[in-house]
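Student: I have a model open and would like to go through it with you. Can we take it residue by residue?

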Amino acid sequence: METGFTVAQLRAAATDAVRAPSLHNTQPWRFRLHDGGIEVLVDPNRRLPATDPNGWGVRIACGAALFNLRLALAVAGTPPTVRLRPYPDQPDVVARLVPDVPRRPTPAEQALHAAIPRRFSNRAPFWPDPVPANARWRLAEAARAEQCWLELLVGVSAVNAFAEIAHSAHRVLERSPEYRAERQEWVRRTPAPDGVPAASGGPRGEPQDLLPSRGFGGLDRAPGRDFEPEPLVAVLGSPGGTAVDQVVAGQALQRVLLTATEAGLGVSMLSQPIEVPSAREQLRLALGRYGTPQMVMRIGYGQPGWPTPRREVDKVLELPVTQPG
């Protein structure tokens, strides 16, 4: 059994970890080598106080990065044992990974790992082609594999009921000047290593749209033209609502996203009804599910999206200080 991870293993795995999604593409994570283990930490300078005052989004993002980290290490033949929130007095340490027994990666791990560089949010309208039953089953199984659940909203009435909750939450958020200003701070109109490029923001929302859009400065479209008449909407949930549950949900989210990517599907996230506590509870009651909704996704087939930029890996690493010999 390995005694500890190396700097080279950390750097290689972190190259994949940073491809995880995050609110406004803030990339709120750091990775360090400590006593032979790799630790995932929250970057306190990249929180969103108006959009994410309780840190839910940061923990979801760090959980997604953790899943990529797990995959990268497993595919390299050094699968980790993971302990979530290992230090009660250090809540910003999200997880600690230590080497498990070396083994060859499974075909499923290799396929998901290969999807990492091809996964990115697609905010453009999807085609009307339905997502087949087998793909839907695979997405639900991906969530289950990470101890979470995925509810696919089937039928016009279920989607319309969700749309009402989503629009209500969107209106609540948009009433906050701090929320609107914070979103604009992360829209990028010139090349940058973080934030959401305006060109990737998707078309601007219209009053008749079934689902609300965040508004990252995308292009206008023809007046009265529907954005997407029948989207497939999926709600990801966890057994509970604790900080650990949120990290678990982040890992499940990334497994679902990579599974969708492998199946040729596009996904974008719709988190407004999660960010407003009353809307989240309303959504939970509407679903009749035990646990806590953690993310909403729209899923479908469409034109390829565009990757959002990432910071250089060395900018997110904390490496041990070497002593002069």
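Tutor: Start with Arg119. With a relative accessible area of 5%, Arg119 is buried, where buried means under 20% relative accessible area, exposed over 50% and partly exposed in between (1.4 Å probe, protein chains only). This is a predicted model: local features need pLDDT of at least 70, side-chain atom pairs count only at pLDDT 80 or more, and totals for chains, interfaces and linings use all residues. Residues are numbered from 1 along each chain as its sequence is written, and side-chain values use heavy atoms, with hydrogens and water left out.

Student: Where is Arg119 found?

Tutor: Helices (H or I, at least four residues) and strands (E, at least two) are DSSP runs, numbered from the N terminus. By that count, Arg119 is in the loop between helix 3 (107–115) and helix 4.

Student: Which residues does Arg119 touch, not counting residues up to four places away in sequence?

Tutor: Contact means heavy atoms within 4.5 Å. One partner is Gln254, 135 residues apart from Arg119 along the chain, with 9.4 Å between the C-alpha atoms. The full list is Arg19, Ala20, Pro21, Gln254, Leu257, Leu258, Thr261, Met269 and Arg310.

Student: Arg19 is buried yet has no salt bridge; which side chain of opposite charge is nearest?

Tutor: A salt bridge needs a side-chain nitrogen of Lys or Arg within 4 Å of a carboxyl oxygen of Asp or Glu. For charge, Lys and Arg count as positive and Asp and Glu as negative; His and the chain ends are not counted. Arg19 sits in the loop between helix 1 (7–17) and strand 1 (29–34). The nearest side chain of opposite charge, at 7.5 Å, is Asp16.

Student: Arg59 is also buried without a salt bridge; how far away is Asp52?

Tutor: Arg59 belongs to helix 2 (residues 56–75). Beyond neighbours within four places in sequence, its contacts are Asn54, Arg85, Ala243, Gln246 and Val247. Asp52 is the nearest side chain of opposite charge, and its distance from Arg59 is 6.4 Å.

Student: How many salt bridges does a search of the whole structure find?

Tutor: One joins the side chains of Arg30 and Glu318, at 2.9 Å from N to O. That pair links distant parts of the chain, strand 1 and strand 11 (residues 317–318), 288 residues apart. The search of the whole structure finds 16.

Student: Is Glu318 buried or partly exposed?

Tutor: Its partner Arg30 has 18% relative accessibility, so Arg30 counts as buried. Glu318 has 29%, so the class for Glu318 is partly exposed.

Student: What separates the closest N and O atoms of Glu141 and Arg144?

Tutor: Both residues lie in helix 4, three residues apart, about one turn of the helix. Glu141 is partly exposed at 30%, and Arg144 is partly exposed at 47%. Their salt bridge has its closest N and O atoms apart by 2.4 Å.

Student: Which side chain meets Glu146 in a salt bridge?

Tutor: Glu146 is buried, at 5% relative accessibility. The N to O distance is 2.9 Å. Glu146 is in the loop between helix 4 and strand 5, and the partner, 109 residues apart, is in helix 7. That partner is Arg255.

Student: Which residues do salt bridges that share partners join into one network?

Tutor: Shared partners tie four side chains together here. They are Asp43, Arg46, Arg188 and Asp194.

Student: How many residues are in the largest nonpolar core?

Tutor: A nonpolar core is a set of buried Ala, Val, Leu, Ile, Met, Phe, Trp, Tyr and Cys residues joined through side-chain atoms within 4.5 Å. Among the members that touch the most others are Leu150, Phe162 and Leu283. Phe162 has contacts including Leu153, Leu211, Val233 and Val296. The core holds 48 residues.

Student: Is His24 buried or exposed?

Tutor: His24 has a positive phi of about 55° although it is not a glycine. The residue lies in the loop between helix 1 and strand 1. Its relative accessible area is 3%, so His24 is buried.

Student: And Asp35, buried or exposed?

Tutor: Asp35 also has a positive phi, near 50°, and is not a glycine. Its place is the loop between strand 1 and strand 2 (37–42). At 67% relative accessibility, Asp35 is exposed.
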